[in-house]
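Me: Please take a close look at the aromatic side chains of this protein, and set them against the fold as a whole.

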Amino acid sequence: MSKIQLYSAKACPYAHRTRLVLGEKGIDFEYTEIDLQNKPEWFSTISKYGKVPAIRHGENEIYESAVINEYLNEVFPEPALLPKDAGSKAIARIWIDYANTKFTSAFGKLLRGKTAEEQEQGRAELNEAISFIENEALDKLSGDGAYWFGENISLVDLTFYPWFERIPTLEHYRNYTIPTEAVRLTRWWDAVSDRPAVKAIANPVDFYIERYSRFIQQPVAA
């Protein structure tokens, strides 16, 4: 089958997920950077939502990071990035959904909140999400391993990680740091960030601080 064509944006955490999967699997691909502020007209023929990431692989045009990543895991099965048994695979998908519906929402609310009240709500929700991950995922699923499901990295790890690479942006703009009691999560963060595929595409903190500056507003009274 033909080489994968990836349509991405360097600053986008959702596209970051798919680049991590491609790197972990050692998949060769061609890269097209999409300017999300000035998207080319032709891009909507590939990504019907007009969002990155999107891929073209042979006759297949696929968008939405979670869908793309499962496609890549099926078409390029080694190394496997989901558990083999149905029950554990379902648990992995639940955590991917949690990332998409709870964790990223809290992160965005804290970063983009227009009022002090919105930002504090985001801070509380993010701390709650981190506590939930620490106690319900890493404490119960990881065993002695550093990753979500133990010794082997998975799509769940790669789904959450891009937001952790951007946590220093919250520290810079919102004076936010990971709670000290999140010991397992800190260990997980260190382990994932040290992987060669992660290091290969990591951006410096200043990159995110500059790119995210357009979303930042100083808090005002509600």
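Reply: Helices, taken as DSSP runs of H or I of at least four residues, and strands, taken as E runs of at least two, are numbered from the N terminus. Counted in this way, the predicted model has nine helices and four strands, and along the sequence these follow the pattern β-α-β-β-β-α-α-α-α-α-α-α-α. The radius of gyration is 18 Å, close to the 17 Å that the globule rule gives for 222 residues, so the protein is as compact as a globular protein of that length. Its C-alpha trace spans about 55 × 45 × 25 Å along the principal axes. Of the contacts between residues at least 6 apart in sequence, 70% join residues at least 24 apart, and buried residues make up 49% of the 222 in the protein.

To turn to the aromatic side chains: two rings of Phe, Tyr or Trp pair if their centres lie within 6.5 Å, and planes over 60 degrees apart count as edge-to-face. By this rule the protein has 17 aromatic pairs. One of them joins W42 and F43, whose ring centres are 6.2 Å apart and whose planes stand at 90°, so the pair is edge-to-face. The two partners differ in their exposure, since W42 is partly exposed with a relative accessible area of 41%, whereas F43 counts as buried at 1% relative accessibility.

A further pair is formed by W95 and Y98, with ring centres 5.4 Å apart and planes at 70°, and this pair is therefore edge-to-face as well. Both residues belong to helix 3 (residues 86–112), where, being three residues apart, W95 and Y98 are separated by about one helical turn. Here W95 is buried, with a relative accessible area of 6%, and Y98 also counts as buried, at 16% relative accessibility, given that the cut-off for buried is under 20%.

The pair in helix 3 is also part of a wider group, for W95 and Y98 form one aromatic cluster with F103, F132, W148, F160, F164, W188 and W189.

As for the surface, the protein exposes about 11100 Å², of which carbon and sulfur atoms supply 50%. Its charges number 26 positive and 32 negative, and the mean positions of these two sets are 3 Å apart.

How values were computed:
Residues numbered from 1 in each chain as written. Predicted model: local features only at pLDDT ≥ 70, side-chain atom pairs only at ≥ 80, totals over all residues. Heavy atoms only, no water. Rg over C-alpha atoms; globule rule 2.2 N^0.38 Å. Buried < 20%, exposed > 50% of the residue type's maximum accessible area, 1.4 Å probe, protein only. Contact = heavy atoms within 4.5 Å. Areas by Shrake-Rupley, 256 points an atom, 1.4 Å probe, with all protein chains shown as cover. Lys, Arg positive; Asp, Glu negative; His and termini not counted. Charge placed at Lys NZ, Arg CZ, Asp CG, Glu CD. Phe/Tyr/Trp six-rings, centres within 6.5 Å; stacked < 30°, edge-to-face > 60°.
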